[in-house]
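Biologist: Please take me on a close look at one part of this model, strand by strand, and then show me what packs elsewhere in it.

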Amino acid sequence: MSSSVNRAKNLESVISFCILAILAAITTGIFIRQAHTGEKELIDFSKMTPAGFETASEIEVYNADNLYEKIDGKAPLYTESGFEKLYTRRFASPADPNLAMELYLFDMGNIRNAFSVYSLQRRADAETLPDFTFAYKTSNALYLVHGRYYVEIIGFSESIGLSKAILEVSQNIRNNIPIDKNAKIPELAFFPQENLVAGNAKFYLASAFGFEGLTNTFTAVYKIDDQTVTAFFSKRPGKKDAETTAENYYNFLIANGGVAKTAADKTFTGKVIEFDGAAEIIFTTGSFVGGVHEAENRQTAEMIAVKLLNKLALIKQ
Amino acid sequence: MTEQNDKNLERREFLIRTAKAGVAIAAAGAASYLLYDKKGPAQNTESEKIVTLPNFSVPHVQGQSLSIVKGSDRAKTAAKAIELLGGIERFIKPGDTVAIKPNIAFASPPMLGATTNPDLVAEVVKLCYKAGAKKVIVTDNPINEPAGCFAISGIGKAVANVGGEIILPKSSYFKNTTLPGGTLIKDWPILYEPFRKANKLIGIAPVKNHHRSGASMAMKNWYGLLGGRRNIFHQDINTIIAELAMLIKPTLVILDGTEVMVTNGPTGGSLSDLKRTNTLIAGCDMVAADSFACGLLDIKVSDLPYLAKAAAAGAGTTDYQSLKPILAEL
């Protein structure tokens, strides 16, 4: 056989081997990708089971496409807040079938998203738990933020034994699911501390108070005498954006029946609106939009607004 | 000479390879021709047929369209509410096959109020048999795994204890339907088979807050009949609920406001999401029943746009007072 034919055959062999090598590399990549789904490495559910309990279901995993199959109409709350995955598993006592619970572990991508869904669902009768930065329990359930995870542990009955087991699951989560311990939410410290009701801060990633333009908004509750006031702020990309957002929000309130009022403090640069029998206040300072929402007493509302404005004005932007 | 041989060999090699390629192409073409199905996939006429749910309603009786009973015992308040509407005999005749549609969306225990209370479902099954029903079936298309939902909600056991028949959804039970004049329910699968042989339909729903629609009550309960990727309707939740109210014409609806989920619905999870309001509503007009129940959730009728939509479409009235609801307290 001639040398040119041999060269051609050799070339074909080389190309064939290259193609096979590429295919092998792709296959290997797929296997590696499947074997390293990230969360499976981080979460060891075998360590979640409380003493005296057994797993009562397989681990269920949901993503943004099928989350509704688990929580139906509440899915948008999560999917609009950075939701990545939900893992659930039930545990039950073999000795007493009434002692059962279900663990919901929502991977929200980061601590801010996790705090958002945690704060927006916080129960009224919550008892804050000291072991976590954000955690509370009710008579049958426990809710917490653990790094990027928002966690619900729902008891299927009400009993001291079950409450203890639920608490143990929360501790198992804290001890066995690694998180970025440096992840914080610094904005929560931007609120003035005087008269602040602890543990009531909320974080709206979108549409605070029904207004689409008010995104990334933190709220906190103040109690002065018997007056309750909700203060808020949203950090915008810049001063101009803050002013535009404030103006749009003001126009939104006026368009929906709000009436402009004059602030008692003539030096106050914000706007006061009477809306549906309550006081609304909007101000800007630097790149912050802030104010007070649905305050029964306008004087108290203005006082809180001024304090918040002064505090935000001191924050480096 | 050698160069000439090389050329001959290359030519021979070329011809051999061309012939091989030609044979391969011919073989593939022949195989494609032989395997080609000129008729295409066989039409499954049964499954692709558009179906329509029958009208299960009973004749209107003036002044007996809505009853509201205060009390904490669901079995007693339900029995009383039905009695006030003319008794179970008005709705169920001897020999009837009754389909009951509770809300069993979740694998959630009764205590959490995310699903219809099992004692209430059992009581209605018993009343139907008492009126002479031949068969009472209880069905739903839960979003969670059906068997688990029926078991954990307690409804499976409660119904079995009183002789009802549980029908779990299977893919073959879904048929496509279209709501005439509807914008969303067009050639969409609904749970049909359990209702095919029924001639009466009773909806039993809890009163719940709902993150997307504002509230889940009698009308929203029919959402459970939808098959397919029904979550796409969450984008236009008010229209889909109104259309369901136009599509489904039940015999009776029962709305359980004994303990309502006022926050974090529709799943809830904490007992603190619930509020005891000790109210049970029965009616032939589900728009009116839902409109009344708004008060139990501390919301206004105008907070739920689907109510006005359904009323405008003729599915009922939001002015429940115009029906002169019959009130009782136990």
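**A sheet and its surroundings**

Modeller: Happily! Let's start in the middle of the sheet, where β11(A) and β15(A) run antiparallel and share 6 bridges. Strands count as paired if DSSP finds at least two bridges between them; the elements themselves are DSSP runs, numbered from the N terminus, with helices being H or I of at least four residues and strands E of at least two. A:T230 has A:H293 of β15(A) as its bridge partner.

A word on the ground rules: this is a predicted model, in which local features need pLDDT of at least 70 and side-chain atom pairs count only at pLDDT 80 or more, while totals for chains, interfaces and linings use all residues. Residues are numbered from 1 along each chain as its sequence is written, chains are lettered from A and ligands numbered from 1 in the order in which they are written, and side-chain values use heavy atoms, with hydrogens and water left out.

Now widen the view. The sheet is open and has 7 strands, in the order β9-β10-β11-β15-β14-β13-β12 (chain A), with antiparallel pairing. At its edges stand β9 (202-204) and β12 (259-261) of chain A; each has a single partner strand, so one side of each is left without a neighbour in the sheet. From one strand to the next, the twist averages 25°.

On one flank of β11(A) comes β10(A), joined to β11(A) by 8 antiparallel bridges. A:T217 finds its bridge partner in A:S234 of β11(A). These two strands make a hairpin with 2 residues between them, and A:D225 in the turn has a positive phi of about 55°. Most residues other than glycine have a negative phi, and most peptide bonds are trans. Another positive phi outside glycine belongs to A:N195, near 65°; A:N195 sits in the loop between α6 (160-176) and β9 of chain A.

Further along the sheet order, β13 (residues 271-275) and β14 (residues 278-285) of chain A pair in the antiparallel sense over 5 bridges. There A:K271 stands opposite A:I282 in β14(A).

Two helices lie across this sheet, where contact means heavy atoms within 4.5 Å. Helix α5 (residues 111-120) of chain A lies across β9 and β10 (217-224) of chain A and runs at about 115° to β9(A). Helix α7 (residues 239-255) of chain A lies across β11 (227-235), β12, β13, β14 and β15 (288-295) of chain A, at about 165° to β14(A). Such angles run from 0 to 180 degrees between N-to-C directions, and axes are lines fitted to C-alpha atoms, for helices over the stretch in contact.

Chain A also meets a partner: 32 residues of chain B are in contact with 32 residues of chain A. About 2,500 Å² is buried between chain B and chain A, with carbon and sulfur atoms giving 52% of that area; buried area is the accessible area (1.4 Å probe) that two parts lose on being put together, summed over both. On the chain B side, B:I143, B:H211 and B:N264 lose the most area to chain A, together 18% of what that side buries.

Within chain B, helix α9 (residues 237-247) and helix α11 (residues 305-312) have axes that come within 8 Å and cross at roughly 40°. α9(B) and α11(B) are therefore oblique to each other; angles under 35 degrees count as roughly parallel, over 145 as roughly antiparallel, 65 to 115 as roughly perpendicular and the rest as oblique. The contact brings together B:N238, B:T239, B:I241, B:A242 and B:A245 of α9(B) and B:P305, B:Y306, B:K309 and B:A310 of α11(B).

α11(B) has another neighbour in helix α10 (residues 286-293) of chain B: these two pack at an angle of about 155°, with their axes 10 Å apart, and α10(B) and α11(B) are therefore roughly antiparallel to each other. In this packing, B:V287, B:D290 and B:S291 of α10(B) meet B:Y306, B:L307, B:A310 and B:A311 of α11(B).

One last stop in chain B is the cis peptide bond between B:G265 and B:P266, with omega about 10°. B:P266 is found in the loop between β10 (252-261) and β11 (274-283) of chain B.
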